[in-house]
Amino acid sequence: MRMRDHKRFGAQLLPSLTSFPSRRFSFTAAGMAQQGAVSATPSDQPYLFQKKRLRDKKVRDLVITKRELVEVPHTTTISEAMTVLVSNRVLAVPVAAPPGHWIGAGGSMIMTSDKKTGAIRKHYIGMVTMLDILAHIAGEGEEELGRLDQKMAGPVTAVIGHCLEGLSLWTLNPNTGILDCMELLSKGIHRALVPLESHADSISAVELVDSAPSYRMMSQMDVVRFLQGHPFELEGLLSRSVRELGAINRTVYAISDRTKVIHAIKSMRGALVNAVPIVASEVDDAPENHCCLLNVTGDGRKLVGTFSATDLRGCLLVTLQSWLYTSVLDFTEKISSSPPLHTGSHDQAVRPREPVTCKNESSLAEVMEKAVDKHVHRVWVVDEQGLLTGVVSLTDMIRVLRIALLSA
């Protein structure tokens, strides 16, 4: 058999998120109007009216019914932060600190003040994700594994920035239009903070000190779920295939079924991804191919599973230490039968072990439904033999829908 020329996947292949300062992201309608008027035929009128209705939607419409923002104070330990993530079934939480003592993410000062007195109460200094904590647990060497309890007792501020995305906080004015919001998320930003109240009438205004009683977190999943719930406005788009719409990313990086959990975590940390496909190893694989992400683009590898940072939401810390040097495939089997960290009714459902997949000709509606129903951020594209040929992410879905809506 020929040796396959696998490429190691380095962080240099991705743009550094440190280049994104913490900011409020918004656009004005005037900029979109400058694109030029489109003359519509009578048959176009119903669709253009539907598109206008969708454009009238605001970010507020997406988050108004969401629960208040889950956050942790800067004094929280890493272990406590992980408990908050698990018990609330979220992947990321902002870290709040008293004003005047910390530099915020990207040098920002995203603050909240008391609504009655106007006194500054706190400001957000960064975001901590499950992948941050995983990377901290994995550490730099095997000798650190014996100190897991000690490592988890450290302050949560120590893990901000393990994954660069946590250093960049984004906020969206609640009056931002849905298409403008989609532009931000189509560039790979996963989530943004939204104040439910705002002093700014214009969506282009910046509010560094916000008197809103609370923020809401808006994610890519919220937007995809919202769009999925408006099929009438998207008629003619959702029925098209992901191949036709250009939603498939053919560049795929994976881990082999013989990759150890600790190596998978380190690779994901460097690539800034929360989930990777697991592919079947081959007899001619070099040993180092099981310690890094593999470029399997066009390689015809059999998809056998998915390794995700969310898998640890059902893993007890006491058992994690002994599992870091097991293969990812064994880990996914163990985690499905492990007692959950919390036994509340919402934690009873075990994440599906089967990878979520689609085909080239699957409709966008079908792929969106799978992503929302299984609550995954990536749907793997496979051929008739189950060989991995691409991926459709939430970023891809939002990107193609926005382009189609703007160009219709």
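This passage walks through the predicted model, from the overall fold to a few local details.

Start with the chain as a whole. The predicted protein chain has 408 residues, and 54% of them are buried. Its secondary structure adds up to 14 helices and 16 strands. Contacts in the chain reach across the sequence: counting those with a separation of 6 or more, 74% join residues 24 or more positions apart. The accessible surface comes to about 18,100 Å², and carbon and sulfur atoms own 54% of that area.

How far the coordinates can be trusted varies along the chain. The average pLDDT is 75, and 69% of the residues score at least 70. Among the elements, strand 14 (residues 357–358) has the highest mean pLDDT, at 97, while helix 1 (residues 29–33) has the lowest, at 35. Residues 1–48 have a pLDDT below 50, although the model still gives this stretch 87 contacts beyond near neighbours in sequence. A similar remark goes for residues 199–213, where pLDDT stays under 50 and the model has 42 contacts beyond four places in sequence. Where pLDDT is low, the predicted coordinates should not be read in detail, so those contacts are best left alone.

Now for a sheet. Four strands make up an open sheet in the order 12-10-11-13, and the pairing is mixed. Strand 12 (294–295) and strand 13 (303–308) sit at the edges, each pairing on one side only. Inside the order, strand 10 (residues 253–256) and strand 11 (residues 275–279) run parallel to each other and pair over two bridges. One bridge can be picked out by name, with Ser256 partnered by Val279 of strand 11. Helix 10 (residues 261–271) packs on this sheet and touches strand 10, strand 11 and strand 13. The direction of helix 10 makes about 70° with that of strand 13.

Further along the chain comes a hairpin. Strand 15 (residues 378–382) and strand 16 (residues 388–393) pair in the antiparallel sense over five bridges. Within that pairing, Val379 stands opposite Val392 of strand 16. Five residues lie between the two strands of the hairpin, and Gly386 in the turn has a positive phi of about 80°. Strand 16 is mostly covered, with five of its six residues buried.

The last piece is a helix pair. Helix 13 (residues 364–374) and helix 14 (residues 394–407) have axes that come within 11 Å and cross at roughly 140°, and the crossing is left-handed. At the meeting point, helix 13 brings Leu364, Val367, Met368 and Ala371, while helix 14 brings Leu394, Met397, Val400 and Leu401.

Val400 deserves a closer look. This residue of helix 14 has a relative accessible area of 4%, so Val400 counts as buried, the cut-off being under 20%. What is Val400 in contact with, leaving aside its neighbours within four places in sequence? The list is Leu245, Gly246, Ala247 and Leu364. Leu364 also belongs to the set of helix 13 residues that meet helix 14. Leu245 is 155 residues away from Val400 in sequence, yet their C-alpha atoms are 6.4 Å apart in space.

Definitions and conventions: Residues numbered from 1 in each chain as written. Predicted model: local features only at pLDDT ≥ 70, side-chain atom pairs only at ≥ 80, totals over all residues. Heavy atoms only, no water. Buried < 20%, exposed > 50% of the residue type's maximum accessible area, 1.4 Å probe, protein only. Contact = heavy atoms within 4.5 Å. Areas by Shrake-Rupley, 256 points an atom, 1.4 Å probe, with all protein chains shown as cover. pLDDT = per-residue confidence, 0-100. Pairing = 2+ DSSP bridges. Axes fitted to C-alpha atoms, helices over the stretch in contact; angles between N-to-C directions. Left-handed = near helix turned anticlockwise from the far one by under 90°.
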